[in-house]
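Colleague: Before I rely on the labels attached to this fold, I would like to go through how each of them is justified.

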Amino acid sequence: HPANTLSLHDALPILLKFRDKVYTSRTLVTPITGRTLSVAKGLVQVLPADTEAVSFLKANEEFELLKE
């Protein structure tokens, strides 16, 4: 397809959404790299390719992966 045409998939990366069962708003720090993840309105969203954040959230009892 033409280079100047963005498909919907390119424009909107698929994000994994995790529900925070404890807080509606907080900042999380990943243990390995010390990056911050923001919880807003009870949700934290990460890219599937962000394996550190995904495994951190999946391992934490306070977060639940939402099925879209």
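**Labels and their grounds**

Modeller: Leu-16, at 22% relative accessibility, counts as partly exposed.

Colleague: Why is Leu-16 called partly exposed?

Modeller: Buried means under 20% relative accessible area and exposed over 50%, with partly exposed in between (1.4 Å probe, protein chains only); Leu-16 has 22%, and therefore falls in the partly exposed class. This is a predicted model, in which local features need pLDDT of at least 70 and side-chain atom pairs count only at pLDDT 80 or more, while totals for chains, interfaces and linings use all residues. Residues are numbered from 1 along each chain as its sequence is written, and side-chain values use heavy atoms, with hydrogens and water left out.

Colleague: What does Leu-16 touch, not counting residues up to four places away in sequence?

Modeller: With contact meaning heavy atoms within 4.5 Å, Leu-16 touches Val-44, Gln-45, Val-46, Pro-48, Val-54 and Leu-65. The C-alpha atoms of Leu-16 and Gln-45 are separated by 5.5 Å, although the two residues lie 29 apart along the chain.

Colleague: What makes strand S1 and S4 a pair?

Modeller: Strands are DSSP runs (E, at least two residues), as helices are (H or I, at least four), numbered from the N terminus, and two strands pair if DSSP finds at least two bridges between them. Strand S1 (residues 16-20) and S4 have 4 bridges in the antiparallel sense, and one of the bridge partnerships joins Phe-18 to Val-44 in S4.

Colleague: Why do S4 and S5 count as edges of the sheet?

Modeller: The open sheet has 3 strands in the order S4-S1-S5, with antiparallel pairing. Strand S4 (43-46) and strand S5 (63-65) each have a single partner strand, so one side of each is left without a neighbour in the sheet.

Colleague: Which residues make up the largest nonpolar core?

Modeller: A nonpolar core is a set of buried Ala, Val, Leu, Ile, Met, Phe, Trp, Tyr and Cys residues joined through side-chain atoms within 4.5 Å. The largest has 11 residues: Phe-18, Leu-28, Leu-37, Val-39, Val-44, Val-46, Ala-53, Val-54, Phe-56, Leu-57 and Phe-63. Strand S3 (36-39), S4 and helix H2 (51-59) each supply at least two residues of this core, and H2 gives the largest share, 4 residues.

Colleague: How many helices and strands does the protein have?

Modeller: The protein has 2 helices and 5 strands, following the pattern α-β-β-β-β-α-β along the sequence.
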